Amino acid sequence: IRDAVNRTYFDARLDVDICWGKASRGNRRSIRLGSYSFDERLIRIHPLLDQAVVPPYVVVAVVHHEMLHCALGARKQGGRRMVHTPEFRKREREYRFFDRSVAWEKEHLADLLKNRLRPGVPSA
């Protein structure tokens, strides 16, 4: 996925590693589907996304989002690190299935938070 996203959206310019993150336990109020470490140049994807019921376009959206962090970096403003800038949001929407993946996440977020996604739950 990383290599395909790199070719399609970043002209194969990014040098970044990717791995599954560690699972957390218990009920949550929020979930971080992915993260990017600027120091390690490493993307971590939440292991809850490693389920057959999660559509591939959702995982690709998360990878694309994190790769944008690598490509665009962070900007300092008033002592704060700004990562989700207007340019970032514009580029994020360039992902072909952006709207579809956002809609899927909204529909299934509660189930992800409770780790209740099952094969019987529609994924499309």
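Author: Two strands count as paired if DSSP finds at least two bridges between them. Everything discussed here concerns a predicted model.

Reader: What makes strand 1 and strand 3 a pair, and in which sense do they run?

Author: Strand 1 and strand 3, the latter being residues 42–45, are joined by four bridges in the parallel sense, and since at least two bridges are required, they count as paired. Among the partners across this pair, Trp20 is bridged to Ile45 of strand 3, and Cys19 is bridged to Arg44 of strand 3.

Reader: How do you know that strand 2 is paired with strand 3?

Author: Four bridges join strand 2 to strand 3, and these two strands run antiparallel, so the requirement of at least two bridges is met here as well. Ser35 stands opposite Arg44 in strand 3, while Tyr36 stands opposite Ile43 in strand 3. In the hairpin that these two strands form, four residues lie between the strands, and Arg41 has a positive phi near 50°.

Reader: Why are strand 1 and strand 2 described as standing at the edges?

Author: The open sheet has three strands in the order 1-3-2, with mixed pairing. Strand 1 (17–20) and strand 2 (34–37) each have a single partner strand, so one side of each has no neighbour in the sheet, and that is what places them at the edges. From one strand to the next the twist averages 20°.

Reader: What makes helix 1 oblique to helix 2, rather than roughly parallel or roughly perpendicular?

Author: The axes of helix 1 (residues 2–10) and helix 2 (residues 56–72) come within 10 Å and cross at roughly 60°. Roughly parallel would need an angle under 35 degrees and roughly perpendicular one of 65 to 115, so helix 1 is oblique to helix 2. The contact is made by Arg2, Val5, Asn6, Tyr9 and Phe10 of helix 1 together with Val60, Val63, His64, Met67, Leu68 and Ala71 of helix 2. By class, these are eight nonpolar, two polar and one charged residues.

Reader: Why is helix 2 described differently in relation to helix 4?

Author: The axes of helix 2 and helix 4 come within 9 Å and cross at roughly 105°, an angle that belongs to the range of 65 to 115, so helix 2 is roughly perpendicular to helix 4. Tyr57, Val58, Ala61 and Val62 in helix 2 meet Arg100, Ser101, Trp104 and Glu105 in helix 4, and this contact divides into five nonpolar, one polar and two charged residues.

Reader: What kind of aromatic pair do Tyr9 and Tyr95 form, and why?

Author: The whole structure contains four aromatic pairs. In the pair of Tyr9 and Tyr95 the ring centres are 6.1 Å apart, which satisfies the limit of 6.5 Å. Their planes stand at 65°, and because an angle over 60 degrees counts as edge-to-face, the pair is edge-to-face.

Reader: Which parts of the chain does this pair tie together?

Author: Tyr9 lies in helix 1, whereas Tyr95 lies in the loop between helix 3 (86–92) and helix 4 (98–113), so the pair ties together parts that are 86 residues apart in sequence.

Note on methods: Residues are numbered from 1 along each chain as its sequence is written. This is a predicted model: local features need pLDDT of at least 70, side-chain atom pairs count only at pLDDT 80 or more; totals for chains, interfaces and linings use all residues. Side-chain values use heavy atoms; hydrogens and water are left out. Axes are lines fitted to C-alpha atoms, for helices over the stretch in contact, and angles run from 0 to 180 degrees between N-to-C directions. Angles under 35 degrees count as roughly parallel, over 145 as roughly antiparallel, 65 to 115 as roughly perpendicular and the rest as oblique. Contact means heavy atoms within 4.5 Å. Ala, Val, Leu, Ile, Met, Phe, Trp, Tyr, Cys and Pro count as nonpolar, Asp, Glu, Lys and Arg as charged, and the others, Gly among them, as polar. Rings of Phe, Tyr and Trp (its six-membered ring) pair if their centres lie within 6.5 Å; planes under 30 degrees apart count as stacked, over 60 as edge-to-face and the rest as tilted.
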